[in-house]
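Let's take a walk through a protein together, starting on the inside and working our way out. Keep the picture open while you read, and find each residue as it comes up.

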Amino acid sequence: MSQITPLLATLKRELKSRGLTYADVARALEVSESSIKRTFSASRLELGRLEQLCHTLDLEISDLVQKMLEQRNRITTLTEEQEREVVENPRLLLMAISVLNNWTFEEIMDTYLLDQHEAVQLLAALDRLKIIDLLPRNKLRVIVATDFRWLPNGPIQRFFQEQVQPEFMHSTFSGPGEVMLFRSGMLSRASNAIMSRKMERLLEEFSELHNEDAGMPLHERFGSSIMLAMRPWELGVFRHLRRDPGEKAF
């Protein structure tokens, strides 16, 4: 498995943590900003360029690899039982989503009607679940892996499908910042696989932007959701008109 993608992701996190932009890196390396952007979006990375990038962060390549490995040791999912614990307590679910969206304790308390003692107990539960490190003075650090996700068809995903998704779709998608695109066509299995990979990449870019914006003031960030879906599918009324509804399995 290629190590380039996780290495670049680790570099991006280091730049973010130090308040450095692509433009800052470009100036340090005396190259164009577009060149740096291409480096971070490419699937290949020359060793010399990697060494230059590490140098701008005062890191050895070995340091970067160590940080990458530390990230890999973080959890990427909860267990079924843990997800059930979270979803059965609406306040714990609220707290979990808030911290995963990089809210501070103060921002959570300023926004929601939570008693401070209760809020700390909720954070302690998330600490036990290894979603965050609860630090002194109610500071917190999210410690899940960057590719953390809810279990497919797990308790939280089912909750979203049953309660959140209908509310999300109850919209004309014509307001500011809203968009819905829909298109139907005929795809081969190979093309279906290509589109699936592109959708995964788009979700990765969404997560990258989420991480890049994490340091901005809360009033400049907005809860945003993206739903991508694709499946071999035929309208039910059409399928029922088939002589053999199961004659064409994907």
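What follows is a tour of the cores, one buried residue, some salt bridges and a surface patch. Keep in mind that this is a predicted model.

Let's begin in the middle of things. The largest nonpolar core has 25 residues. If you want to find its busiest members, look for Val86, Met95, Val99, Leu123, Leu126 and Ile131, which have the most contacts inside it. Two or more residues come from each of these elements: H6, helix H7 (90-100), helix H8 (105-111) and helix H9 (116-128). Which of them gives the most to this core? That would be H7, with six residues.

Now zoom in on one of those busy residues, Leu126. Leaving out residues up to four places away in sequence, Leu126 touches Leu92, Met95, Ala96, Val99, Ile131 and Ile132. Another core lies apart from the one we just visited, and this other core has 18 residues. Among them are Leu7, Leu8, Phe40 and Cys54, so try picking those out too.

Next, hop over to Asn192, which you'll find in helix H11. Is Asn192 buried or exposed? Its relative accessibility is 13%, and buried means under 20%, so Asn192 counts as buried. What does Asn192 touch, if we skip residues up to four places away in sequence? The answer is Leu187, Met230, Pro232 and Phe250.

Time for some charged pairs. The count of salt bridges comes to 14, and we'll stop at a few. One of them links the side chains of Glu33 and Lys37, at 3.7 Å from N to O. Why are these two separated by about one helical turn? Because they are four residues apart in helix H3 (residues 33-41). Glu33 is partly exposed, with 36% relative accessibility, and Lys37 is partly exposed as well, at 43%.

You can find a similar set-up in helix H6 (residues 80-87), where Arg84 and Glu80 are four residues apart and so are separated by about one helical turn. These two form a salt bridge, with their closest N and O atoms 3.5 Å apart. Arg84 has a relative accessible area of 33%, so it counts as partly exposed. Glu80 is partly exposed too, with a relative accessible area of 33%.

For a third pair, look at Arg201 and Glu208, whose side chains meet in a salt bridge at 3.3 Å, N to O. Arg201 is partly exposed, at 31% relative accessible area, and Glu208 is partly exposed at 24%. This pair has company: salt bridges that share partners join Lys12, Arg201, Glu204, Glu205 and Glu208 into one network.

Finally, let's step out to the surface. Phe182, Trp233, Leu235, Val237, Phe238 and Leu241 make a nonpolar surface patch of about 710 Å². Take Leu235 as an example from this patch. Where does Leu235 sit? Its place is in the loop between helix H11 (189-212) and helix H12 (236-239). With 38% relative accessibility, Leu235 counts as partly exposed. A residue needs over 30% relative accessible area to be part of a patch, so the 38% of Leu235 is over that cut-off.

Note on methods: Residues numbered from 1 in each chain as written. Predicted model: local features only at pLDDT ≥ 70, side-chain atom pairs only at ≥ 80, totals over all residues. Heavy atoms only, no water. Patch = residues over 30% accessible without salt bridge, like charges linked within 9 Å, V, L, I, M, F, W, Y side chains within 5 Å. Areas by Shrake-Rupley, 256 points an atom, 1.4 Å probe, with all protein chains shown as cover. Salt bridge = Lys/Arg side-chain N within 4 Å of Asp/Glu carboxyl O. Buried < 20%, exposed > 50% of the residue type's maximum accessible area, 1.4 Å probe, protein only. Core = buried A, V, L, I, M, F, W, Y, C linked by side-chain atoms within 4.5 Å. Contact = heavy atoms within 4.5 Å.
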